[in-house]
Amino acid sequence: MSVINAVTCPICGCLCDDIEITVVENEVVKVKNGCAVCEAKYLGYKSEHRISHPLIRKNDKLVPVSMDEAVHKAAEILANANYPILYGWSSTNCEAQRIGVELAEEVGGVLDNTAVVCHGPSLMGTQEAGIPTSTLGQIRHRADLIIYWGCDPWSAHPRHLERYTSFTEGRFEDSEWKSYINKVKAAAGRKKLLSAQRVSPKKQEISVAESVVFNKPPETLQKEGRKLVVIDVRKSMTAEMADYFIQVEPNKDYELMQAMRAMVKDQDLDVDQVAGVPMEYLKEVVDTLINCKFGVVFFGMGLTQSAGKFRNIEVAISLVRDLNLRTKFVIMPMRGHFNVSGANIVFAWQSGYAFGIDFSLGYPRYNPGETTSMDVLLRGESDAALVIASDPAATFPKRAIQNLVKHPLIVIDPHMNPTAMLGDVVFPSAFVGIEVEGTAYRMDNVPLPLKKVVDPPKGVISDEELLKKILEEVRIIKAQETKNKTEGA
Amino acid sequence: MMQQKLHVTLLTGRTIEQGVGKEYGKSSPEYFEACSMVYMDAEDMKKIGVKNGAKVLVTTPNGSVVLKAVKHPRGSMSGLIYIPYGLWANSIVSNATTSIGMPSFKGTPAEVEAAPDQPILSMRELLKKEFGR
Amino acid sequence: MTEILIKNGFVFDPINGINGEKMDIAINNGKIVESVNSQKAKKIDASGLIVMPGGVDVHTHVAGHEVNTGRMIRPEDHVKDAVRKTVLTRSGVGYSVPSTFVTGYRYSKMGYTTVMNPSMAPLGAKHTHEELNDIPLLDKATFPLIGDWWFVLEYLQKGDLEGCARHVAWMMETTKGYAIKIVNPGGLESWGFGRNVHSIDDVVPNFDITPREIVCGLAKVNKMLNLPHTIHLHTNNLGIPGNYVTTLETMKALESIATEGKPVAHITHVQFSSFGGESWGNLKSAAEEISKYINNHGHITLDMGQIIFSDTTTMTADGPFEFTLYQLSGHKWVNSDVETETSGGIIPMHYKRTSAVNATQWSIGLELALLVKDPWKIFMTTDHPNAGPFFDYPKIIAWLTSKKARMATLKRCHKKAQKKSLLTSISRELSLYELAIVTRAGQAKALGLKGKGHLGAGADADVAIYNINPEKIDIAKKYKTARKAFSSAAYTIKDGQIVVKDGEIVRNVDGRTMWLDVQTREQLKVDEEMKRKFKQYWTVEYENYPVFDHYVKVPEAITVKASV
């Protein structure tokens with residue numbers, strides 16, 4: 001038995017690196033410090049859904065083949081394709097991502113990662129407005145106002161509050177955990193009191209977050225110490241814990257942010273409400289923003305996927321820029337996959353661009369809407385695809401996948417996920433962060449090492465090694481074709 | 001008064017159950033349970049005569065899918081429905097990338113009605129139906 | 001290994017006192033040697049060509065989080081300069097924030113063989129090294145930002161210089177760094193809450209220490225550790241009209257630490273720190289005041305930070321300064337503070353001849369280089385990409401060596417700047433010998449790189465051969481020819497291999513990443529107390545913080561014996 005400390009969890013953008021893993025005879029038996037999703041991964045990754053062998057679709061069934069045969073088939077598909085897509089990349093290490101760029105360049109394809117359905121709009125917003133941001137430790141040490149806008153960390157980044165924000169101890173700010181517990185107790189106490197007074201259960205409305213949109217901002221918004229504000233279209237789990245929850249009308253975040261910008265600049269607005277939020281309450285919220293010592297806005301898909309998309313992000317960034325003229329404020333996207341940041345970073349340093357990169361002309365081109373994989377698929381322009389470390393069949397709209405399966409599809413993944421089930425050539429790969437070591441980048445772009453804690457199953461190799469094999473074979477095939485052409489001429 | 005169909009705004013997104021389920025594997029029963037469902041406002045469910053846990057048919061211009069309706073546990077979300085990310089959500093979600101590569105995963109119009117006699121498709125059935133494999 | 005004989009070139013090797021002598025240079029096994037077997041050796045006919053050591057750039061932002069964020073937010077910059085894949089070279093983009101492969105290719109094409117990446121947040125050190133690994137054809141090193149590091153501030157505030165020194169030694173190995181970098185000392189920690197320092201005696205909030213104490217403390221630590229380079233300093237009040245006063249005060253504060261007339265500090269991109277006047281409206285040059293001081297003291301080296309009239313991208317660890325630029329320009333602005341360590345900012349910038357301020361800045365850089373008498377004290381840089389892209393270095397070479405070139409540019413500048421400029425009265429033109437000092441020999445010497453910047457036996461065989469015949473061409477007159485020659489080397493040789501011929505890449509090699517293995521008598525005690533403090537200060541585990549060996553593709557550890 002061995003206990004491995006300081007393990008970096010390979011799931012979400014939190015990239016918690018304090019996980020303790022206990023291994024007995026090459027099996028993970030215990031996970032300490034991880035959230036529910038972390039435990040599910042470390043204890044459940046060896047499920048029956050694991051691919052054990054390279055597979056090729058023959059007569060509409062996926063049959064096991066040798067590694068050499070699968071590599072050759074995959075390389076042939078890519079070498080002969082006119083406009084292949086190489087998509088995914090977010091759940092593997094930087095070492096594999098580097099080979100990905102080289103491969104995409106070699107075959108003249110479109111290189112794209114999951115940011116296209118996640119924070120691609122945030123990258124575009126940054127290209128318009130920049131981004132005042134920081135690493136997560138600055139939040140822990142300094143932030144006394146934490147805003148989650150259009151995201152729900154309790155569901156998607158479970159340890160975010162306890163590791164980086166409201167419930168952490170910083171050099172200059174304390175944890176709000178005790179205060180939150182007291183609030184919960186007080187709410188439970190109120191319920192008992194109301195029931196003792198024979199008030200009907202319906203009227204009890206147990207809610208720790210005192211206020212929904214039609215209630216006044218609570219006095220706790222003016223207190224010393226950390227404050228938590230959640231802005232969303234429905235009361236999420238994180239909203240339950242907030243000091244103040246603002247329920248904004250769907251697709252109206254843009255208006256709300258522009259109104260707040262005007263008020264930060266001391267401009268008066270001649271309306272009663274914006275995006276469903278009464279003006280008088282909005283004024284108090286903006287006062288809280290201006291008077292804090294250090295504020296942060298974390299945002300997610302609520303802004304990138306609703307109407308406006310990257311313009312929402314541009315305005316959110318502009319709001320935070322404006323706030324920097326009054327106090328200290330930063331903004332940060334809640335990156336989803338554990339190494340989507342890494343994919344953007346590696347692509348950018350090698351090619352200049354972070355996603356949606358078209359190499360078909362021999363040099364990198366970037367034009368969202370034209371070169372992004374989603375649009376290439378929807379227009380039916382690609383004629384082959386390699387999908388790795390992602391699951392577009394479960395994340396892309398139906399029609400995009402219908403076009404994807406019209407052409408040869410190569411899939412590299414540890415699990416037989418929906419995309420693998422649709423594949424023509426399928427490779428099993430080892431789990432990065434469990435069976436393979438490497439580097440990943442956190443949501444605040446801090447690089448962290450991933451550990452190998454157990455050996456992969458026999459015959460299963462890493463993404464990096466697989467890609468190297470395919471790249472080598474592609475080069476051999478292309479060299480042979482050139483040779484044939486010159487000899488034939 | 002009960003309605004046949006309800007016009008709503010469709011949201012898709014993460015839930016902790018969907019997160020845990022995907023780690024067990026997307027063919028797992030946990031993932032199926034987590035993703036083949038839709039959160040709805042309690043009052044809205046009453047309007048179309050749907051009890052907690054009953055089946056509904058959600059339709060958009062891109063298709064329709066049968067899901068299990070679950071009451072949203074935290075306050076009102078009148079006029080909104082929330083389907084966790086996954087194959088079921090994607091069978092009806094909008095393609096429109098508005099020229100920037102990102103489909104409109106949140107905030108597009110949909111219709112919901114009771115569907116007591118229709119089955120919820122398993123992942124394999126859905127893959128076969130939509131992609132022929 | 002190949003033997004090479006470079007025959008008959010005009011050799012400029014200032015470290016060894018060679019000034020244009022026609023002589024052969026012999027290479028064997030990647031090093032310069034006294035002689036080779038002239039039958040077997042590959043011969044390069046350098047008749048009519050000048051032969052210099054490979055270029056050394058003491059300060060250029062080419063790798064790491066800051067640079068990469070600059071890349072990510074400037075697709076409009078990349079689209080101007082797409083670079084195709086060839087059989088030997090990878091594709092990419094150029095202009096002000098080139099991709100990593102293109103950075104290596106373009107520097108090499110200009111005859112450069114060593115570059116220093118001057119800003120690395122220790123928390124992001126792995127990122128910096130990953131990018132350095134992907135810069136081909138150049139040797140490189142990088143400087144960790146230590147000036148506002150909480151551990152340093154605490155040690156210096158307590159007066160524990162030895163403790164600080166041991167910790168800094170540990171830091172060099174942990175980040176695989178080469179020198180102590182200090183940016184706006186005290187200002188970056190203040191910026192954590194949106195504030196800044198405005199003089200070297202302002203007290204940093206929450207830490208009870210002044211910039212003067214930080215700079216002097218670290219200069220002393222640098223001496224105790226015997227580091228090959230001095231502290232590398234970006235002064236307080238950079239970019240603010242009237243800031244030359246702060247620069248002078250800083251240099252004066254360091255006088256008492258200097259011994260034997262050897263440098264104790266390198267002030268980088270000094271153009272930005274040599275502003276006179278009181279406001280943008282009456283900005284003027286303080287090059288005279290600064291150069292006068294430098295001419296009378298030997299404890300400071302400088303590099304220019306020369307403005308190029310071009311679209312470019314500013315990026316520094318000086319977060320508050322970048323915010324000031326944002327307020328002036330309204331451009332897209334990136335800010336990136338790093339917990340416990342440092343800050344940073346990025347803003348695109350367009351330097352125009354028609355802007356009186358930019359034109360005055362342009363003049364200041366050249367005035368400094370020409371008024372400082374000793375070329376071993378001031379080196380050519382643009383603080384790439386802050387004052388301009390590095391591929392415009394040949395323009396600066398022309399301005400330094402040809403009055404005609406400078407005046408041609410000055411004539412097209414804003415009239416106000418023309419009137420104020422001292423260039424009209426300066427007739428000095430650098431010789432090729434002096435040029436070799438300010439673009440390679442001087443930099444290597446200041447950096448303490450024993451094997452670089454010269455062509456004596458034992459040096460690394462990093463050689464640049466340029467198409468200029470000093471007997472036939474007067475580069476002071478034919479500055480356009482000079483510019484062309486320095487843009488595109490006739491040959492670049494890296495570790496004894498020809499990598500560039502006639503401005504084209506002919507061979508791909510990996511360069512080395514140099515870092516300091518500083519050996520103190522007593523090691524830093526990494527005990528439970530230290531690890532606990534670490535966990536409090538950072539959001540990463542102590543175990544995951546260092547740059548492990550495998551992060552550096554081709555390492556060159558340089559052992560340094562400290563006096564502590």
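Begin by selecting residues 130–134 of chain A together with residues 333–337 of chain C: these are strand E8 of chain A and strand E18 of chain C, and five bridges pair them in the parallel sense. Within this pairing, display Gly130(A) and locate Trp333(C), its bridge partner in E18(C).

The model on display is predicted. For the complex, the predictor reports an ipTM of 0.96 and a pTM of 0.95. Colouring by pLDDT is a useful preparation for the stops that follow. Chain C has a mean pLDDT of 96, with 100% of its residues at 70 or more. For chain A the mean is 92, and 96% of the residues reach 70 or more. Select residues 203–213 of chain A next, where the pLDDT is below 50; the model nevertheless gives this stretch 31 contacts beyond near neighbours in sequence.

**The interface of chains A and C**

Now show chains A and C in full. Two pairs of chains are in contact, and chains A and C share the most contacts. Selecting the contacting residues highlights 66 residues from chain A and 59 residues from chain C. Together the two chains bury about 5100 Å², of which 53% lies on carbon and sulfur atoms. On the chain A side, display Arg171(A), Lys328(A) and Trp349(A); these supply 13% of the area that chain A buries against chain C, more than any other three residues.

Which side chains should be examined for charge pairing across this interface? Eight salt bridges are found between chain A and chain C. One of them joins Glu102(A) to Arg90(C), with an N to O distance of 4.0 Å. Polar contacts may be displayed as well: 38 residue pairs, both members at pLDDT 80 or more, are in polar contact across the interface. Then select helix H3 of chain A, residues 94–107, which gives the most to the side of chain A that touches chain C, with seven residues. Colouring that side by residue class shows 27 nonpolar, 20 polar and 19 charged residues.

**The interface of chains A and B**

Hide chain C and bring chain B into view. Here 50 residues of chain B contact 61 residues of chain A. The area buried between chain B and chain A is about 4500 Å², with 62% of it on carbon and sulfur atoms. Select Arg74(B), Ile100(B) and Arg133(B), which supply 18% of the area that chain B buries against chain A, more than any other three residues.

Three salt bridges cross the interface of chain B and chain A. To inspect one, display the side chains of Asp391(A) and Lys26(B), which meet at 2.8 Å, N to O. Polar contacts between chain B and chain A number 21 residue pairs, both residues being at pLDDT 80 or more.

Several elements of chain B may then be selected in turn. Strand E1 (5–13), helix H1 (16–24), strand E5 (80–84), helix H4 (87–90) and helix H5 (123–131) each supply at least two residues of the side of chain B that touches chain A. Which of the elements of chain B gives the largest share of that side? Helix H1(B) does, with six residues. By class, the side of chain B that touches chain A comprises 19 nonpolar, 22 polar and nine charged residues.

Restore chain C before leaving chain B. Chain B and chain C do not touch, and their nearest C-alpha atoms are 15 Å apart.

**Strand pairing within chain C**

Next, isolate chain C and select residues 3–13 and 50–53. These are strands E1 and E5 of chain C, which pair in the parallel sense over two bridges. Phe10(C) stands opposite Ile50(C) in E5(C). Add residues 463–466 to the selection: this is strand E21 of chain C, which runs antiparallel to E5(C) and is joined to E5(C) by four bridges. In that pairing, Pro53(C) stands opposite Val463(C) in E21(C).

**A salt bridge within chain A**

The last stop returns to chain A. Across all chains, a search of the whole structure finds 78 salt bridges. Select Glu173(A) and Lys293(A), which form a salt bridge whose closest N and O atoms are 3.6 Å apart. The two residues lie 120 residues apart and link distant parts of the chain: Glu173(A) is in the loop between helix H7 (160–163) and helix H8 (177–196) of chain A, while Lys293(A) is in the loop between helix H12 (279–291) and strand E14 (294–299) of chain A.

Conventions. Residues are numbered from 1 along each chain as its sequence is written. Chains are lettered from A and ligands numbered from 1 in the order in which they are written. Side-chain values use heavy atoms; hydrogens and water are left out. pLDDT is the predictor's confidence in each residue, from 0 to 100. Contact means heavy atoms within 4.5 Å. Buried area is the accessible area (1.4 Å probe) that two parts lose on being put together, summed over both. A polar contact is a pair of N or O atoms within 3.5 Å; within protein, one must be able to donate a hydrogen and the other to accept it, and residues adjacent in sequence count only if both atoms are side-chain atoms. Ala, Val, Leu, Ile, Met, Phe, Trp, Tyr, Cys and Pro count as nonpolar, Asp, Glu, Lys and Arg as charged, and the others, Gly among them, as polar. Two strands pair if DSSP finds at least two bridges between them.
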